[in-house]
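Thank you for making time this morning. I would like to go through one protein model with you, beginning with the fold as a whole and then turning to a few individual residues.

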Amino acid sequence: MNKKLLLLSTLLLLFLNVSAQKRKFDLQGKAGARGIMPENTIEGMLKALDLGVNTLEMDAVISKDKQVVLSQEPYFNNEISLQPNGKAISLKDQKKYNIYKMDYEEVKKFDVGSKVHSRFPGQMKFKAYKPLLSETIDAVEDYVKAHKLAKPVYSIETKTIKNGDNEFHPEPAEFVELIMGVINEKKIAKRVIIESFDMRTLQYLHEKYPKIQTSLLIDEKEPFEDYIEKLGFKPTIYSPYSVLVGKGLVDRCHDMGIKIIPWTVNTVKELKYFMDLGVDGVITDFPNIKGQIK
């Protein structure tokens, strides 16, 4: 009897090891490859694909004429932006350049690729604009087809906060519907994750589009179970700030059948640490670090 139990235990361990090896590690390029190329640009997305990402992480805002635009903020951040005349934007004035108050044709005239990035001094520099989500998807799909690459997942963050409703962006329902309009038009719903710090957008999405994958972004130290209770459903992914992640949190996520993907993991040492913890992936500004693991 003991021999049979030992054999069953051995077979179970072998099965679990094989399953773990088959589980795909999700390398997500933050805003494309933000540490290497200008953020949320088509060029950055294509570079991330060359570096082997599985998922293109990107940020979405809405223009005055209801276009879905890639941008980390709903305004032109002084850190990366130049006005159409080439002049800089001050920190004090940056929120005056509100994308939600501009038609896309005006948005497109700003340069978000030429200014040296203080936090990413090694970033490649060239004139770039904030692209539409739709044209980004077209460019990516054409690129992977031409280069015989695997089709990526698109993880799209809704850049909303309650205090910004109707000032920097539409209310959550309209915001989600605008994004879903693009996703459905491009027929990529099976390869999309909607991520957000704003639970309202995820709750609306879960109610209206329950088959779309969701990711809850977390930047404050509160109990995992409290966040899930507030959200009201189990998201596909729990995505906390990396300093909040330990083995206990990884295990609690997995016990509930939720993937855990921390942000932002930017060194080989950090990546190895989190991989050893058993996370399901990472979001990184430098997608090239995975290739540096020996």
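**Overall fold and some local details**

What I find useful to begin with is contact order in a rough sense: among contacts between residues at least 6 apart in sequence, 59% join residues at least 24 apart. Please keep in mind throughout that this is a predicted model. Its secondary structure comes to 9 helices and 9 strands. The radius of gyration is 20 Å, close to the 19 Å that the globule rule gives for 294 residues, so the protein is as compact as a globular protein of that length. Along the principal axes, the C-alpha atoms fill a box of roughly 80 × 40 × 35 Å.

As for the surface, 50% of the 294 residues count as buried, and the accessible surface comes to about 14900 Å², with 55% of that area belonging to carbon and sulfur atoms. There are 44 positive and 40 negative side chains, and the centres of these two sets lie 6 Å apart.

Let me move to helix α2, residues 42-50, whose buried residues are Ile42, Gly44, Met45, Leu46, Ala48 and Leu49. The cover over these buried residues includes β2, β3 and α4. Just after α2 comes glycine 52, which takes a positive phi of about 90 degrees.

Which residues that are not glycine also have a positive phi? One of them is lysine 66, at about 65 degrees, which sits in the loop between β2 and β3 and counts as partly exposed because its relative accessibility is 31%. Another is asparagine 166, again with a phi of about 65 degrees, located in the loop between β4 and α5 and partly exposed at 44% relative accessibility.

Turning to the aromatic residues, the count comes to 9 aromatic pairs. One of these pairs is formed by tyrosine 75 and phenylalanine 168, which meet edge-to-face at 6.2 Å centre to centre, with 65 degrees between the planes. Tyrosine 75 lies in the loop between β3 and α3, and phenylalanine 168 in the loop between β4 and α5, so this pair ties together parts that are 93 residues apart in sequence. Both tyrosine 75 and phenylalanine 168 are buried. Separately, ring pairs link Phe76, Tyr97 and Phe110 into a cluster.

Is tyrosine 104, in turn, buried or exposed? This residue, which belongs to helix α3, counts as buried because its relative accessibility is 5%, under the 20% cut-off. Not counting residues up to four places away in sequence, tyrosine 104 touches Ser63, Asp65, Gln67, Val69, Tyr129, Lys130, Pro131, Leu132 and Glu135.

My last stop is serine 239 in strand β7, residues 237-240, which is buried, with a relative accessible area of 1%. Leaving aside its neighbours within four places in sequence, serine 239 is in contact with Ser215, Leu216, Leu217, Ile218, Ile261, Trp263 and Ile283. Trp263 leads to one further detail of the backbone, since a cis peptide bond, with omega at about -20 degrees, joins tryptophan 263 and threonine 264. Threonine 264 itself is found in the loop between β8 and α9.

Terms used. Residues are numbered from 1 along each chain as its sequence is written. This is a predicted model: local features need pLDDT of at least 70, side-chain atom pairs count only at pLDDT 80 or more; totals for chains, interfaces and linings use all residues. Side-chain values use heavy atoms; hydrogens and water are left out. Helices (H or I, at least four residues) and strands (E, at least two) are DSSP runs, numbered from the N terminus. The radius of gyration is taken over C-alpha atoms; the globule rule is 2.2 Å times the number of residues to the power 0.38. Buried means under 20% relative accessible area, exposed over 50%, partly exposed in between (1.4 Å probe, protein chains only). Contact means heavy atoms within 4.5 Å. Accessible areas come from the Shrake-Rupley method with a 1.4 Å probe; for residues, only the protein chains shown count as cover. Lys and Arg count as positive and Asp and Glu as negative; His and the chain ends are not counted. The place of a charge is taken as NZ of Lys, CZ of Arg, CG of Asp or CD of Glu. Rings of Phe, Tyr and Trp (its six-membered ring) pair if their centres lie within 6.5 Å; planes under 30 degrees apart count as stacked, over 60 as edge-to-face and the rest as tilted.
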